[in-house]
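Biologist: Could you take me through this structure? I should like to know how it is put together and where it can be trusted.

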Protein chains: 2
Amino acid sequence: MKTRKLPAPAGDPSDRRNFLKHGIVSAGAVAVGAATAKAHAADPIGKDFPAFSVTPGAPFRGYGQPSRHEEKVLRALTPGYGAIAPGTGSSRTPLQTLNGALTPSGLHFERHHNGVPDIDPAQHKLLIHGLVKKPLVFTEAALLRYPMVSRTAFVECAGNSGANTLPAAPQANCGAIHGLLSGSEWTGVSLSLLLDEAGVEPGAKWFLAEGADSAAMSRSMLLDKAYDDAIVALYQNGERIRPEQGYPMRLLVPGYQGNLNVKWLRRLELTEGPTHTKDETSKYSMLMRDGKARQFMFELGVKSVITRPSGGLGMPGAGLYEISGLAWSGAGRIVKAEVSIDGGTSWREAVLQAPVLSKALTRFRLPWQWNGSPAMLQSRATDEKGNVQPARAEWTAQYSAANRYHNNMIQTWAVKADGSISNVYL
Amino acid sequence: MKTRKLPAPAGDPSDRRNFLKHGIVSAGAVAVGAATAKAHAADPIGKDFPAFSVTPGAPFRGYGQPSRHEEKVLRALTPGYGAIAPGTGSSRTPLQTLNGALTPSGLHFERHHNGVPDIDPAQHKLLIHGLVKKPLVFTEAALLRYPMVSRTAFVECAGNSGANTLPAAPQANCGAIHGLLSGSEWTGVSLSLLLDEAGVEPGAKWFLAEGADSAAMSRSMLLDKAYDDAIVALYQNGERIRPEQGYPMRLLVPGYQGNLNVKWLRRLELTEGPTHTKDETSKYSMLMRDGKARQFMFELGVKSVITRPSGGLGMPGAGLYEISGLAWSGAGRIVKAEVSIDGGTSWREAVLQAPVLSKALTRFRLPWQWNGSPAMLQSRATDEKGNVQPARAEWTAQYSAANRYHNNMIQTWAVKADGSISNVYL
């Protein structure tokens with residue numbers, strides 16, 4: 001057996017159909033002699049089967065877990081955890097090890113302000129009050145009887161990718177920089193249905209959402225969102241929501257800053273204006289270049305990131321690779337993801353993995369025949385509203401150097417000739 | 001506080017838009033006096049917050065798990081486990097406790113022929129040989145460099161719902177009867193890409209897929225499927241495939257009998273005809289009414305099941321409920337799911353949850369104002385090829401009474417006046 005040399009691309013690698021038609025893919029397959037293949041037709045690895053193929057396997061399990069060989073695929077704790085208060089901090093989705101458009105629930109990023117409450121659903125209630133005709137309290141059992149809707153949506157922390165706003169490019173992997181981002185199928189009750197039942201008073205223009213965690217995390221937002229696509233979510237990826245994502249229920253406001261999707265939701269208060277809670281005055285204000293601050297900037301910008309190849313992964317020699325990543329926008333559907341291998345001088349359109357859903361993570365892919373020379377990998381997303389992901393210079397021109405929020409600038413991964421990959425500012 | 005009486009539906013419950021417009025939903029919400037709501041604006045449950053809201057919560061976790069309050073939501077072991085050989089049997093997805101269209105990976109059904117092998121991916125290899133120009137061996141590392149595709153697809157065991165072909169209707173919940181069915185997002189390499197690389201000989205019309213489990217489970221199928229939509233899947237719901245679903249790789253043949261989606265895939269052999277392995281001669285033949293047997297019936301029929309309300313769940317009193325379930329077809333997209341509350345005398349069209357994807361689970365929903373009288377709940381799916389799910393009589397007319405496979409007949413759940421629900425034949 002010997003490793004085959006990888007052929008040069010027979011067509012334009014930016015054209016996937018062409019790529020497939022010419023069958024140029026041969027990334028590391030090992031050709032075996034026909035004689036060997038005949039002699040050991042049932043035995044691809046030599047004369048003997050490995051132990052796992054000749055001994056009875058493990059029994060059935062009530063609830064499955066990943067393979068022990070994947071035990072290093074974990075959420076990464078953000079440095080500084082617990083410095084402000086116990087249970088305050090975040091952990092990040094290891095984007096560089098995942099594929100597809102979903103995040104497994106066990107790896108959905110965490111952002112807690114006082115740890116994860118252990119909520120007994122029989123004791124938990126949701127209050128809707130304030131400027132309503134008829135305040136209502138919902139038990140979990142009551143909510144579970146309501147008509148439901150499902151939708152796939154990303155949740156992204158407003159502080160995601162904040163490390164890339166610091167003066168020096170942090171040397172960390174994709175998840176550590178951009179992993180306050182996850183995508184799930186959420187199922188629950190349309191908030192508009194519950195508000196209609198309570199009866200909204202004409203003066204109500206905003207609402208406050210409050211969590212049942214001991215930090216009572218709470219945020220205000222415009223009532224329009226409740227009548228657009230907000231959900232009181234009870235299920236995540238098919239099963240009941242995980243504790244770290246708000247068990248037994250959370251608010252889901254697709255496309256909005258992560259912490260507006262209030263977890264462990266216990267209270268919705270309809271109001272005339274914003275409530276100015278501690279969580280929206282001490283944090284989440286955008287410091288602008290002109291010295292002003294912008295508050296209540298809910299919608300997340302159009303964004304993308306190459307998850308593979310990416311920082312720290314390394315590429316074992318020249319040859320064919322797939323450049324793959326995620327694109328998303330708080331404004332709607334992604335219509336284009338472009339990839340550059342020369343730091344933005346030229347762009348090629350990547351394939352978007354169907355179905356492309358509004359305010360959901362969209363996987364993009366582009367085969368790349370790496371010739372072994374240094375390269376600068378970038379991706380740039382465009383959404384259905386025509387928003388285009390900004391370059392670094394364009395983004396930084398808008399905001400104060402002290403601003404860490406809503407960083408949706410283009411990420412650059414620098415590939416060296418030795419295959420090592422680092423985070424650079426360009 | 002007192003429980004409000006549930007109002008009668010203001011419109012045709014089969015028209016969801018009408019339903020929403022009239023805001024008739026009020027299943028068990030509890031109205032609170034405005035004074036109470038004012039006095040305890042931040043406190044929906046009385047004077048005191050529960051302990052979980054006033055004490056710091058649990059710390060962050062590398063890999064999350066469901067709430068301990070959901071510890072009973074488990075796969076159900078099929079009776080008779082291990083009777084034939086160690087590790088032989090199945091466990092079923094608890095469909096009645098799930099919502100949305102995805103199955104969490106931890107609850108994906110299991111069907112093993114000799115337990116779950118503990119495969120070290122560094123030792124695992126995939127051989128493609130037989131009628132090919134150039135036999136190839138792929139390591140996991142090589143495959144992970146290939147261009148990938150993702151698709152959402154159901155996997156259903158050919159023996160799913162087999163209990164409903166027995167003379168007496170089994171009294172069991174929805175998952176125990178129909179839970180050899182799960183849906184996931186799968187990501188991997190198109191099989192056609194790998195075959196093109198090996199070079200298919202003109203005489204090749206079939207291929208054998210063999211697993212690396214100690215039962216060496218293997219099945220033959222027509223080569224056309226490889227060039228249609230077959231995938232060597234490496235990821236499930238975003239992360240690497242779970243051991244019970246074939247870690248480190250499985251064959252995915254969307255819409256085909258579950259066990260054709262060979263897990264722990266180690267060998268693909270291109271052949272002129274079927275191989276007639278033990279797994280396809282001892283099992284998976286369809287016994288027909290005329291005494292003949294049909295072999296190699298790959299594609300699964302159009303089917304649906306109401307998951308809620310369903311057997312054993314019970315309904316606590318008259319009022320509004322959502323009738324919800326899953327519809328799927330091996331032939332393509334679902335175009336219609338109808339619901340009957342009178343055992344098939346009349347039908348109403350349910351809402352299909354978008355996106356409706358080919359050969360994937362599709363969630364359907366229909367609000368139902370239950371008046372407390374006995375009811376017979378049924379669902380009936382239609383796919384894009386015009387296939388309509390058969391009634392019990394229609395299905396049984398085709399097959400021998402001894403046949404247990406490919407049961408896609410309409411399921412009937414009988415609701416009694418006391419709210420109890422049982423499985424009946426109709």
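**A working chat on the model**

Modeller: Let me begin with a local detail of this predicted model: A:Gly199, just after H5(A), takes a positive phi of about 80 degrees.

Biologist: And the helix before it, H5(A): how many of its eight residues are buried?

Modeller: Six of the eight residues in helix H5 (residues 191-198) of chain A are buried, and the helix is mostly covered. The buried ones are A:Leu191, A:Leu193, A:Leu194, A:Leu195, A:Glu197 and A:Ala198.

Biologist: Before more detail, what is the overall confidence in chain A?

Modeller: The average pLDDT of chain A is 89, and 89% of the residues score at least 70. For the model, both ipTM and pTM come to 0.91.

Biologist: Where does pLDDT stay under 50?

Modeller: Residues 1-43 of chain A stay under 50, and the model has 71 contacts beyond four places in sequence for them. Where pLDDT is low, the predicted coordinates should not be read in detail.

Biologist: What does the secondary structure of chain A come to?

Modeller: Chain A has eight helices and 26 strands. Of its 426 residues, 56% count as buried. Among contacts between residues of chain A at least 6 apart in sequence, 70% join residues at least 24 apart.

Biologist: Which domains does the assignment give for chain A?

Modeller: The assignment gives domain 1 (110-286) and domain 2 (303-424). Taken over C-alpha atoms, the centres of these two domains of chain A are separated by 29 Å. Between them, 23 residues of domain 1 are in contact with 22 residues of domain 2.

Biologist: What supplies the domain 1 side of that contact, and which classes of residue are there?

Modeller: In chain A, strand S8 (149-156) and helix H4 (174-178) each supply at least two residues of the side of domain 1 that touches domain 2. By class, that side has twelve nonpolar, eleven polar and no charged residues.

Biologist: Now the strands. What order does the open sheet of four strands have?

Modeller: The order is S18-S19-S23-S22 in chain A, with antiparallel pairing. Strand S18 (303-308) and strand S22 (351-352) of chain A are the edge strands, each pairing on one side only. Within the sheet, strand S19 (residues 319-328) and strand S23 (residues 362-370) of chain A run antiparallel and are joined by nine bridges. A:Ser324, for instance, has A:Arg365 in S23(A) as its bridge partner.

Biologist: And the open sheet of three strands, which ones form it?

Modeller: That sheet of chain A has the order S3-S4-S5, and its pairing is antiparallel. Strand S3 (76-77) and strand S5 (110-112) of chain A stand at the edges with a single partner strand each, so one side of each is left without a neighbour in the sheet. Strand S4 (residues 89-92) of chain A pairs with S5(A) over three bridges; the bridge partner of A:Gly89 in S5(A) is A:His112.

Biologist: A:Arg92 lies in strand S4 of chain A as well. Is A:Arg92 buried or exposed?

Modeller: A:Arg92 is buried, because 27 other C-beta atoms lie within 10 Å, and the threshold for that class is 20 or more. Leaving aside neighbours within four places in sequence, A:Arg92 is in contact with residues including A:Arg75, A:Phe109, A:Gly175 and A:Leu180.

Biologist: Let us turn to S11(A). Why is strand S11 of chain A largely enclosed?

Modeller: Four of the five residues of strand S11 (residues 218-222) of chain A are buried, so the rest of the structure largely encloses the strand. Strand S10 (residues 206-211) of chain A pairs with S11(A) in the antiparallel sense over five bridges. The hairpin of S10(A) and S11(A) has six residues between the strands, and A:Ala216 takes a positive phi near 45 degrees there.

Biologist: Last topic: by what turn can chain A be laid on chain B?

Modeller: A turn of 180 degrees, with a shift of 0.0 Å along the axis, lays chain A on chain B with an RMSD of 0.0 Å. The two copies are thus related as by a two-fold rotation axis.

Biologist: How many residues of each chain are in contact there?

Modeller: 111 residues of chain A are in contact with 111 residues of chain B. The side of chain A that touches chain B has 57 nonpolar, 32 polar and 22 charged residues. Of the interface residues of chain A, 100% are also interface residues in chain B, so the copies meet through the same surface.

Note on methods
Residues numbered from 1 in each chain as written. Chains lettered and ligands numbered in written order. Predicted model: local features only at pLDDT ≥ 70, side-chain atom pairs only at ≥ 80, totals over all residues. Least-squares fit on C-alpha atoms with pLDDT ≥ 70 in both. Contact = placed C-beta atoms within 7 Å. Nonpolar A, V, L, I, M, F, W, Y, C, P; charged D, E, K, R; others polar. Pairing = 2+ DSSP bridges. Buried ≥ 20, exposed ≤ 12 C-beta atoms within 10 Å, placed from the backbone. Domains from an automatic or database assignment. pLDDT = per-residue confidence, 0-100.
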